[in-house]
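Happy to walk through this one with you. Let's take it as a short round of questions and answers.

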Amino acid sequence: MRILKNKLSIFVFTLLLFGGCKGEDSEGSIVVEEPLKVTFDTYLQEASGSTRVSYPTHSVGELTESSLRDAHFGVFSMSTGNARYAYNTATAQTPFNFMFNQEVGWGGAAWSYEPVKYWPNDNQPADDQTPPAQGSQEHSYLSFYAYAPYFDGTDKTEEAEATGLVRLSANDAYGQDTYVTYKAASSMHSTESVDLLWSRSVAADDYADLYKTDGSGYVNGQVSLKFIHALSRVTFDVQAVIDRRLPADAWPEYPVPLDANTKVFVESVEIESPVVYSQGNMYLTPHDDKATVPYWDDFSNPMSPTLSGAGIAPHLLWGGNPANHEDATETKADFDALPAGVTHEEQNLFSTTTGGWFMFPPTTSAQPLTVHVVYDVITYDPSLKLNTPRYYSIIRNDITQTTGTLTFESNKSYTLKLLLGLTTVKFDVEGIEDWAVPIMLDGVLHDPGEVTKELDVE
């Protein structure tokens, strides 16, 4: 009996290592459960101040919670024993020793992956019984970090047309040195660029103990991942401001809408500053001072996001080259057939048929916000016969405006409102000047007896 008891003790101890021993039932028999698997639950946090829209395909565009199931995500995890992970400390010199770029896919009812990993249980207490079993250390810390869409790590940095995730650092790097390289499309347009999500486990600052009576740790074995958008997104709204400096300014003596014979069309919009980069490295572990957003560095390929041509909503875009009619009525018909253009009402500048924003890696410092916009003001006037084309006044405006400073941050959506100021040409009568001083005749008086032969005129 003594030998059997010793063997049983060894068996029970082995089960405790995997978190499977649940004590004895009422008859004294050993009750054993399967080791507790590490499972995942996800949700997507909306970007600040915006509502996310649909994800057009599995390869480009914006990721939503639904499309994430098709894109899958990758998980990195490290076990740091009895010490909590902290960036830039001794524990940061730990590799991702529990999971490295583990692909997690949707199985129809739950997230799954292979090979399955099990929770460590070498902590105090080691189960939820009374009295509880005890491990060799107070806690068993695990940290989880994830990104989406999943990337298999194939180096695509030399492929000119490759976008999205194009590189993964080697799996022999320490946790804080592990990164994925992201490359935006040359247009940075949402219909051509790949979205990028990032997450750390919601309880990343807590230990992974399974059986804490105070409710801390992962009591159900499920890792909850709250994904955020690792990129910044920028869209433009445009509005004509007629005879006012700002929309809130009141000018009751002038109408708010444009005159019926004038239309305004946007040719291009460019963000000159802050300088943004189409490529950068997103590190899986964040800095301690910004632990809720991913850490970006190693930027390259500076760009100025520019919206023009087909990227602009069709009703805001003028094709140019109007016909040069002899008859003013034909020109008026052409003018009326033009798109509506910019009005006094706020409108989104991006094409409504292809999407509506830029996506790019965040910037790291505040820079002046400088926007360059080119727009045309077109007026029909039947008296302008000598213009080419006849009966049109076409004024091109090339405006650059700098205002304040701005940092584009991860998971934030920015709307830059373009206020196109238009002031009607107005006339005012300042008064009527007096007639010019007339010529004055200065007569010289003479004695009546004298004969006058000449009169000086001054």
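Q: Which residues of H3 are buried?
A: In this predicted model, buried means under 20% relative accessible area. In H3, the residues that meet this cut-off include Ala328, Thr331 and Phe335.

Q: Why do the buried residues of H3 line one face of the helix?
A: An α-helix has 3.6 residues a turn, so positions three or four places apart point the same way. Looking down the axis of H3, the buried residues line one face because their directions fall within an arc of 60°.

Q: Which exposed residues does H3 carry on the face turned away from its buried side?
A: Exposed means over 50% relative accessible area. On the face of H3 turned away from the buried side, the residues of this kind are Thr329 and Ala337.

Q: What lies beneath H3, and at what angle does the helix run to S19?
A: The cover over the buried residues of H3 includes S13, S19 and S20. Helix H3, residues 328–337, lies across these three strands. Its angle to S19 is about 145°.

Q: What is the order of strands in the open sheet of four?
A: The pairing in this sheet is antiparallel. Its edge strands, each pairing on one side only, are S16 (306–308) and S20 (392–406). From one strand to the next the twist averages 20°. The order is S16-S13-S19-S20.

Q: Which residue in S19 is the bridge partner of Val264?
A: Strand S13 covers residues 262–273 and S19 covers residues 367–380. The two run antiparallel and are joined by ten bridges. Within S19, the partner of Val264 is Val377.

Q: Why is strand S4 described as largely enclosed by the rest of the structure?
A: S4 spans residues 73–81, nine in number. The strand is called largely enclosed because the buried ones among them number seven.

Q: How many bridges join S4 to S7?
A: S4 pairs in the antiparallel sense with S5 (residues 99–106) over four bridges, and there Gly74 stands opposite Glu103. S4 also runs antiparallel to S7 (residues 141–148), where Met78 stands opposite Ser143. The number of bridges between S4 and S7 is seven.

Q: Among contacts between residues at least 6 apart in sequence, what percentage join residues at least 24 apart?
A: The protein chain holds three helices and 21 strands. Of its 458 residues, 44% are buried. For contacts between residues at least 6 apart, the share that joins residues at least 24 apart is 74%.

How values were computed: Residues numbered from 1 in each chain as written. Predicted model: local features only at pLDDT ≥ 70, side-chain atom pairs only at ≥ 80, totals over all residues. Heavy atoms only, no water. Pairing = 2+ DSSP bridges. Axes fitted to C-alpha atoms, helices over the stretch in contact; angles between N-to-C directions. Contact = heavy atoms within 4.5 Å. Buried < 20%, exposed > 50% of the residue type's maximum accessible area, 1.4 Å probe, protein only. Arc of directions from axis to C-beta.
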